[in-house]
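Biologist: Let's go through this one together. I'd like to hear how each label is earned, so expect a lot of "why" from me.

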Amino acid sequence: DLWSPWDADTNGVDLKVYDNVDFCQQQNFRIRVMDDGSVEIGSVNSYGNKILEVTDSSYSDCAIVQIWDRSDSRDNDNWFLEPANTSAFYCIDAPDVFNLDHVNDLNAAQKTVDNFKDLGYGACRKDLPYINDIKDYAKHAEVLIFHGHGSNSSFALYNGKKYGENTFYTVNVDEIKKILPKSTACHISFVYFGSCHSADNGGSGQNLPDAAVSQGVKCAIGFRNNVAGCGQYIRDVMETIKDHPDYTIKKAVEETNKKLSWRFKTDEDDSPSNPNNLYIAGDKNLRLGKRY
């Protein structure tokens with residue numbers, strides 16, 4: 001807040017926090033992205049010409065932030081925005097119920113979570129999640145990983161019990177848009193759909209990764225055909241990123257595919273490292289290495 005509409009167009013006015021007030025223009029700002037990825041934050045009342053800067057270019061704790069005329073020669077008015085939500089949720093859909101390889105899949109899932117933790121994420125594993133849980137996780141996530149069975153650009157989520165039996169909810173292209181509304185998905189960097197046929201018709205927009213990206217997710221991975229070992233695969237991709245935090249998703253996938261554990265599967269139709277099966281939508285140059 002910049003005190004008043006008039007102050008929001010006056011050099012030297014200090015920034016403060018205040019209750020949100022509708023139609024209070026001194027609380028409104030414009031973001032201008034610079035060539036180096038930093039941003040200028042200008043007040044709306046100055047048409048973005050007076051921008052937030054650190055007084056005297058100070059590095060000190062509690063330094064004052066004020067508005068001043070923008071300048072191309074000073075750096076104390078350039079800011080880098082970092083995601084506040086750094087949570088990674090690994091949602092594994094009932095290995096026992098789906099008859100997946102329970103021990104191997106859970107071990108791979110937990111190792112993936114551990115890799116995210118090593119990179120600074122608040123990562124956790126959610127076994128047999130309810131669909132409403134997934135919607136809540138998505139509100140706070142930077143990364144979502146789904147691991148379970150699927151078909152025809154869909155996968156199954158646990159939906160509770162009915163008459164003592166497990167029931168499941170089929171998530172298709174339309175449903176993933178409800179789980180990842182644009183108000184939520186724009187905060188998510190990466191979604192991994194570890195299920196068979198999650199990316200049927202890859203590139204058509206009628207599959208889970210494309211649907212997620214259309215909602216605002218920056219990058220999503222899925223598979224065009226049946227897929228085996230996708231839980232172990234994302235573990236190895238994240239192991240590669242943990243060892244090389246500067247790697248992009250594209251680079252991490254390329255290097256992971258060279259590893260011995262996947263080399264002998266590259267010609268198999270159901271291998272996650274098969275380029276005819278693996279499908280990446282969105283920004284392949286995204287980096288998940290938080291240390292970078």
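Biologist: Where is Leu157, and what makes that stretch a strand?

Modeller: Leu157 sits in strand β8, residues 155–162. Strands are DSSP runs of E with at least two residues, helices are runs of H or I with at least four, and both are numbered from the N terminus. Before we go on: this is a predicted model, where local features need pLDDT of at least 70, side-chain atom pairs count only at pLDDT 80 or more, and totals for chains, interfaces and linings use all residues. Residues are numbered from 1 along each chain as its sequence is written, and side-chain values use heavy atoms, with hydrogens and water left out.

Biologist: Why is Leu157 called buried?

Modeller: Buried means under 20% relative accessible area, exposed means over 50%, and partly exposed is in between (1.4 Å probe, protein chains only). Leu157 has 0%, so it counts as buried.

Biologist: Which residues is Leu157 in contact with?

Modeller: A contact means heavy atoms within 4.5 Å. Leaving out neighbours within four places in sequence, the partners of Leu157 are Asp93, Pro129, Ile131, Ile134, Thr167, Phe168, Tyr169, Val171 and Ile179. Pro129 is 28 residues from Leu157 in sequence, yet their C-alpha atoms are 6.8 Å apart.

Biologist: Two of those partners, Ile131 and Ile134, are in α3, right? Which residues of α3 are buried?

Modeller: In α3 (residues 131–140) they are Ile131, Ile134, Tyr137 and Ala138.

Biologist: How do you know that they are on the same side of α3?

Modeller: From the arc they cover, which is only 110° around the axis, and that puts them on the same side of α3. The arc is taken over the directions from the helix axis to the C-beta atoms. It fits the usual pattern: an α-helix has 3.6 residues a turn, so residues three or four places apart point the same way.

Biologist: On to Ser38. Why is it called buried?

Modeller: Its relative accessibility is 0%, so Ser38 meets the criterion. Ser38 lies in the loop between β1 (29–33) and β2 (39–43).

Biologist: And what makes its side chain a polar contact partner of Asp36?

Modeller: A polar contact is a pair of N or O atoms within 3.5 Å; within protein, one must be able to donate a hydrogen and the other to accept it, and residues adjacent in sequence count only if both atoms are side-chain atoms. The side chains of Ser38 and Asp36 come in at 2.6 Å, so the pair passes. The side chain of Ser38 also has a polar contact with the side chain of Asn78, at 3.4 Å. Beyond four places in sequence, Ser38 touches Arg32, Val33, Asn78, Trp79 and Phe80.

Biologist: What about Asp77: why is it called buried?

Modeller: Asp77 is at 0% relative accessibility, so it is buried, and it is found in the loop between β4 (65–69) and β5 (87–92). A polar atom of its side chain lies 3.4 Å from the backbone nitrogen of Ser71. Among the residues in contact with Asp77 are Val39, Glu40, Ile51 and Arg70.

Biologist: Cys196 next. Why does it count as buried?

Modeller: Its relative accessibility is 15%, so Cys196 counts as buried. Cys196 is in the loop between β10 and α6, and its contacts include Gly150, Ser154 and Asn226.

Biologist: What is notable about the phi of His197?

Modeller: Phi of His197 is positive, about 60°, although it is not a glycine. Most residues other than glycine have a negative phi. Trp3 has a positive phi too, about 75°; its place is in the segment before β1.

Biologist: Last residue: why is Val253 called buried?

Modeller: At 6%, Val253 makes the cut-off, so it counts as buried. Val253 lies in helix α8, residues 249–257, and beyond four places in sequence it touches Ile221, Tyr233, Leu278 and Ile280.

Biologist: What covers the buried residues of α8?

Modeller: The cover includes β10, β11 (219–223), α7 (230–243), α9 (260–263) and β12 (278–282).

Biologist: And the chain as a whole: how many helices and strands?

Modeller: Nine helices and twelve strands. Of its 292 residues, 48% count as buried.
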